[in-house]
Amino acid sequence: MTGDTITEPTTASAARPSFTLSGAARELGLKRGEFDLAVMLGGIRTLGDGAGGQRRVTREEIARVRGGEGFPEALRESVRAVGTTEGADMMDISPARFTRLARVGALTPVKFYLNRYRAVVWLYLAQELRQFAEAEVNADLLTGRLPGPLRAQLEEGKDLRARNWRGRYADFLLRQSEDPWERVAAMASLLDPAQTAEIISDPYERAYLNRLKPAPRSQGAADSPVARIVERITTADDPDEIRWLRSSLLIGLMQARALRPAPRPAPRPADEPRASTEEREPPTDAVVDVPVQESRGLLTWLRRRRT
């Protein structure tokens, strides 16, 4: 496949009941970044296997997307993401004004990446920018002085780009979640682990949620400077946002518990000899990722934070 040429499904691909994400991107003639963005925006539906494996795309979904009006140009245009300079040019405003509008939340990023200088580069949907610029209600935001409340936010150093991106990402995670425990894990993934530990005291529940959490969006090795920057962006820091996530987490946790408890080790048979203190081991069941010692250490650390 070259350029905009879309290859017809081969006999082998037509026989497959479903495709991996990479395979689905190839079937639709999309770059992987375009495909991932289409999934995030709800334009392409994926299915989980119920066992924590990679999500897949059914053959029927491939056919549905291929049959869409204007495919593939319309699909590509719906996921075209642009940076500040190109976006400002599209809206006929200066890059500085574009950035101010984004900082006060008038424009919502759809994705981000870190450049070679570890600076965060925000990207925006071209379609949304055009719609914003064409809406008469936004005319005053594109010319002249910004309204007083917005200027006050800028003077206070307000920057809602990360928060607005997280809101969009949270919607995507919840759409992808097909189980109450998965939805709880999705919300927990946007909170600082200390916040989650304050709400969920059971180490087995926390371990189960850690297994179900979405894969980290890091662009670098764990604990690298890049990974820490990405973690900062993907972790809620706005007080209102944190309150919403905490309350949603509590409600979701009650719903998940009502459906089924989190997995934990089977009880020890009554006739099994009790191990001595030296021989006892922390929980090592396959679903438990957090040993008892670690949870105690975390609780001790939380007590120190409170004092």
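Begin by selecting Asp 36, which is partly exposed because its relative accessible area of 35% falls between the limits for buried and exposed. As you look around, keep in mind that this is a predicted model.

Now add Arg 32 to the selection, and the side chains of Arg 32 and Asp 36 can be seen to meet in a salt bridge, at 2.8 Å from N to O. Both residues belong to helix α3, which covers residues 32–40, and they are four residues apart, or about one turn of the helix. An α-helix has 3.6 residues a turn, so residues three or four places apart point the same way. Arg 32, like its partner, counts as partly exposed, in its case at 34% relative accessibility.

Next, move to helix α16 and select Asp 240 and Arg 243, which are three residues apart in that helix, again about one turn. Their side chains meet in a salt bridge of 2.2 Å, N to O. Which label fits Arg 243, buried or exposed? At 52% relative accessibility Arg 243 counts as exposed, whereas Asp 240, at 44%, counts as partly exposed.

Stay with α16 and select Arg 246, then bring in Glu 198, since the side chains of these two residues meet in a salt bridge at 3.1 Å, N to O. Glu 198 lies in helix α13 (residues 193–199) and Arg 246 in helix α16 (residues 239–259), so this pair ties together parts that are 48 residues apart in sequence. Both ends of the bridge are partly exposed, Glu 198 with a relative accessibility of 39% and Arg 246 with one of 24%.

For a linked group, select Glu 77, Arg 80, Glu 86 and Arg 130 together, which are joined in a network of salt bridges. Over the whole structure, a search finds 18 salt bridges.

Turn now to helix α7, residues 95–103, and colour its buried residues, which are Arg 97, Phe 98, Leu 101 and Ala 102. If you look down the axis of α7, these buried residues fall within an arc of 140°, so they line one face of the helix. What covers them includes α6 (84–91), β5 (120–125), α8 (126–134), α9 (139–142) and α11. Just after α7, select Gly 105, which takes a positive phi of about 95°.

From that covering, follow α11, a helix of 16 residues running from 161 to 176. How far apart are its end C-alpha atoms? They are 23 Å apart, which agrees with the 22 Å that the helix should span at 1.5 Å a residue. The buried residues of α11 include Trp 165, Tyr 169, Phe 172 and Leu 173, and also Arg 161, Arg 166 and Arg 168.

Finally, display β5 with its neighbours, where three strands form an open sheet in the order β3-β5-β4, with antiparallel pairing. Here β3 (81–82) and β4 (111–114) stand at the edges, each with a single partner strand, so one side of each is left without a neighbour in the sheet. Between β4 and β5 the antiparallel pairing runs over four bridges, and as a last selection you can pick Leu 114, which stands opposite Val 120 in β5.

Conventions: Residues numbered from 1 in each chain as written. Predicted model: local features only at pLDDT ≥ 70, side-chain atom pairs only at ≥ 80, totals over all residues. Heavy atoms only, no water. Helix = DSSP H or I, 4+ residues; strand = E, 2+ residues; numbered from the N terminus. Expected span 1.5 Å × (residues − 1). Buried < 20%, exposed > 50% of the residue type's maximum accessible area, 1.4 Å probe, protein only. Salt bridge = Lys/Arg side-chain N within 4 Å of Asp/Glu carboxyl O. Arc of directions from axis to C-beta. Contact = heavy atoms within 4.5 Å. Pairing = 2+ DSSP bridges.
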